[in-house]
Amino acid sequence: MTKYPQFAQVKEQKYKINTDFRVALKCDEIARNNVPEEERALAIIYLLFGDKGLKDSQNWNELLSIALKYLNFNKKAEENEEKEETNMDFKQDWSYIQASFFSDYNVDLSNIQMHWWQFYDLLCGLTEKCILNRVRFVRDFDISQIKDSKEREKWIKQKQQVELKKESIKTAEEIRLDELFEKQLKGGK
């Protein structure tokens, strides 16, 4: 049986990690958010290490480093990044994920505590027949090889039905400029 991490150690301080998969998913959502980088970092530290981590400002850099390593399954961020376009989004595909866990494992994700790493291991182990992996297959399918126009149209329609919506993530500077523009439209007030 795999031992999943429960604690983080920084110098002589030991921090309990909130290992629930929902917390890690919330951290992923925060990481993609439009708030300033420092706020995102502190939110992730708070979610994973609680008040103790948040109050220990001298260890924030180390805690954030541990948090990122934990969220990436103890791999360096570069190892986990995919060069190609992603075919899954936790937030957009949540209903497919829930249905797939139930069909493959008979696990209702709304009623279970599960470690983030275990959740991810199980996610990676879903069968080809589950709805999530069928949707991912359609998203990844290369229609350029299809010669029959009717078959091609069918695949184009399927891909459009399950395509991921692009989330526009603005930088802090873009947000500031948008706010300035809005202020100017209102007469500079």
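The following exchange takes a predicted model and asks what stands behind the terms used for it.

Author: This is a predicted model, in which local features need pLDDT of at least 70, side-chain atom pairs count only at pLDDT 80 or more, and totals for chains, interfaces and linings use all residues. Residues are numbered from 1 along each chain as its sequence is written, and side-chain values use heavy atoms, with hydrogens and water left out.

Reader: What makes up the secondary structure of the protein?
Author: There are 9 helices and 2 strands. Helices (H or I, at least four residues) and strands (E, at least two) are DSSP runs, numbered from the N terminus. Along the sequence the pattern reads β-β-α-α-α-α-α-α-α-α-α.

Reader: Why is Phe-73 called buried?
Author: Buried means under 20% relative accessible area, exposed over 50%, partly exposed in between (1.4 Å probe, protein chains only). Phe-73 has 13%, so Phe-73 counts as buried. Phe-73 sits in the loop between helix H3 (60-71) and helix H4 (77-80). Its phi is near 60°, a positive value in a residue other than glycine.

Reader: What makes Asn-106 exposed?
Author: The relative accessibility of Asn-106 is 58%, and the cut-off is over 50%, so Asn-106 is exposed. Asn-106 also has phi near 60°, positive in a residue other than glycine. Its place is the loop between helix H5 (94-105) and helix H6 (116-124).

Reader: How many of the residues in the protein are buried?
Author: Buried residues account for 30% of the 189 residues.

Reader: How do you know which residues Asn-133 touches?
Author: Contact means heavy atoms within 4.5 Å. Leu-126, Thr-127 and Glu-128 are touched by Asn-133, not counting residues up to four places away in sequence. Asn-133 belongs to helix H7 (residues 131-140).

Reader: Why does the distance between Thr-127 and Asn-133 suit a polar contact?
Author: A polar contact is a pair of N or O atoms within 3.5 Å; within protein, one must be able to donate a hydrogen and the other to accept it, and residues adjacent in sequence count only if both atoms are side-chain atoms. The backbone oxygen of Thr-127 lies 3.0 Å from a polar atom of the Asn-133 side chain, so the distance falls within the limit.

Reader: What share of the contacts is between residues far apart in sequence?
Author: Among contacts with a separation of 6 or more, 57% join residues 24 or more positions apart.
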